[in-house]
Amino acid sequence: MTATRTLIKSATILTMDDTIGDLAQADLLVDGDRIVDIRPGLDAGDAEIVDGRGRIVIPGLVNAHMHTWQTALRGFSANWTLPEYFRRMHAGLATVFRPEDIHIGTLMGALNQINCGTTTLVDWCHNNPTPAHSDSAVAALKESGIRAAFFHGSPKPEAAPGQPHFSEVPHPRHEVERFLAGALSNRSDRVTLGLAILGPHYSTMDVAIHDFELAREFDLIASMHQGGGPAKTPGGWARLIAAGLVGPGINIVHGNDLPDDLLRQLVDLGVSFSVTPENEMNQGHGYPITGRLLKLGSRPSLGVDLESVLPGDMFNVGRIALSMQRALDNAESRQVMGAIPAATTITTREALRWITIEGARMLGREDTIGSLTPGKKADLVVINATDLNLWPVHDPVSTVLMQSSIANIEAVMIDGIWRKRGGRLLAENLDHKKNELERSGMRIVSEIERQEKAA
């Protein structure tokens, strides 16, 4: 597929660019992989014309945290708490994944993200015991057509006799060097590299320092889970801060258990936060920190987290984050003031930011993605606002966030190329790939069940 000139005519355009705002009955011109103009009455000569009447065009959604390798296990861990997940997924199911399982899971997970309107995926891959597993994930992301940050992680099995616990194993420098010299050498390419490190919550202090320094040396985002039981290194954040290793480029996922004073310190240092609200509440992390961040003048990015637990729809994630925080704010107001707030504490536009421009900001890519702005990459979603569940449209932003779903996503463009059109995902041999995904999931489950019976 190659990018061409495309003119979307007479659409409602939610740019998420504060200087441009929302435009009714406006046109959007794409030339190659870039947006070149947005305004009413555009004449683009030989460009392909797309009728945008009755459509809402938004920036492509950004899924800031997902373990895409688990796609073949959809719903399998939906009834697990976090301790069960650690034991049965990381110490169990994950250990029987082959490179081909990583490939098909990542490929189909990425394609589903496109189908759901996500154009940028942060693929947090921490089931890669061999280079072949990592290579399979990267190849799948490239094949899918999605824009992705491949966050290279490390597996978390039970330690074999005589082997160190995963918390004692530094992130592999040789793998970082290999990717930056090879498959992910182009930092402006559609698929780029980041690090999914253990962080002080899940590693020893020596490993945490090593990994933070590694990320800084190679100028890579270092993302880490925070929370889910006692910290491996109590006081680790204070030591990392004192060493000058915490600042922009550090990303914390979850963070539910961070005390207020430390959270403020991290925000002031420029740390970004990725919240996965639905899974955090399902598995026992605690209440999402969305409101705590907002009070500190920061905003979260949002992620799906686990399709082995819940759906991959970022509209759903945005709604849950908004509804949960509104509920917390309303309860606080009742307790403090004795009444419901006179006006909502968070608007739908704010929540739409969390799944667009704030995801781009978390990646340090707000200058190229996250809003519909001339000069930025042509990553966009076309929503059919004439569909029964959306009609009539009184407030396009609220229609998008509160009513829209995969059923309304008519088209998705990434890098100026249509990846979904006419409501149909443009992926070859999709039925064959679905069968391959099913076979992979069945084999993984049957293999771990066989091992459990033999133990």
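**Helices, a parallel strand pairing and aromatic contacts in the predicted model**

In helix 15, the buried residues are Lys 433, Leu 437, Ser 440, Gly 441, Arg 443, Ile 444, Val 445 and Ile 448. The model described here is a predicted one, and in it helix 15 comprises 25 residues, from 430 to 454, with 36 Å between its first C-alpha and its last, close to the 36 Å expected at 1.5 Å a residue. The cover over the buried residues of helix 15 includes helix 2 (99-115) and helix 3 (131-144).

Helix 6, which takes in residues 205-217, was examined in the same terms. Its 13 residues should span 18 Å at 1.5 Å a residue, and the C-alpha atoms at its ends are indeed 18 Å apart, so that the expected and computed values agree. Within helix 6, burial is found for Met 205, Val 207, Ala 208, Asp 211, Phe 212, Leu 214 and Ala 215. These buried residues pack against helix 4 (173-181), helix 5 (199-202) and helix 7 (236-242), and also against strand 9 (191-196), strand 10 (222-226) and strand 11 (250-254). Just after helix 6, a positive phi of about 55° is taken by Asp 219.

Strand 10, one of the elements against which the buried residues of helix 6 pack, is itself mostly covered, since five of its five residues are buried. Ala 222, Met 224 and Gln 226 point one way from the strand, whereas Ser 223 and His 225 point the other way, and all are buried. Strand 10 pairs with strand 9 in the parallel sense over two bridges, and in strand 10 it is Ala 222 that stands opposite Leu 195. Strand 10 also runs parallel to strand 11, to which it is joined by five bridges, with Met 224 standing opposite Ile 252 of strand 11. Between strand 10 and strand 11 the chain passes through helix 7, and the resulting β-α-β crossover is right-handed.

Aromatic contacts form a further part of the description. A pair of aromatic rings is characterised by the distance of the centres and the angle of the planes. The structure holds six aromatic pairs, among them that of Phe 76 and Trp 80, which is edge-to-face, with 5.9 Å from centre to centre and 85° between the planes. The two partners differ in their exposure: Phe 76 has a relative accessible area of 34% and is therefore partly exposed, whereas Trp 80, at 6% relative accessibility, counts as buried, the cut-off for burial being under 20%.

A second pair is formed by Phe 86 and Tyr 202, whose ring centres are 6.2 Å apart and whose planes stand at 80°, so this pair too is edge-to-face. The pair links distant parts of the chain, as Phe 86 belongs to helix 1 (residues 82-90) and Tyr 202 to helix 5, with the two positions 116 residues apart in numbering. Phe 86 is partly exposed, its relative accessible area being 30%, while Tyr 202 counts as buried at 16% relative accessibility. Ring pairs join Phe 86 and Tyr 202 with Tyr 85 into a cluster.

Charged side chains were also found over aromatic rings. The charged end of Lys 156 sits over the ring of Phe 166, at 5.9 Å from the centre of that ring, and Arg 178 lies over the face of Phe 179, 4.7 Å from the ring centre.

Key: Residues numbered from 1 in each chain as written. Predicted model: local features only at pLDDT ≥ 70, side-chain atom pairs only at ≥ 80, totals over all residues. Heavy atoms only, no water. Helix = DSSP H or I, 4+ residues; strand = E, 2+ residues; numbered from the N terminus. Expected span 1.5 Å × (residues − 1). Buried < 20%, exposed > 50% of the residue type's maximum accessible area, 1.4 Å probe, protein only. Contact = heavy atoms within 4.5 Å. Pairing = 2+ DSSP bridges. Right-handed = clockwise from strand over helix to strand, strands pointing away. Phe/Tyr/Trp six-rings, centres within 6.5 Å; stacked < 30°, edge-to-face > 60°. Lys NZ or Arg CZ within 6 Å of the ring centre and 35° of its normal.
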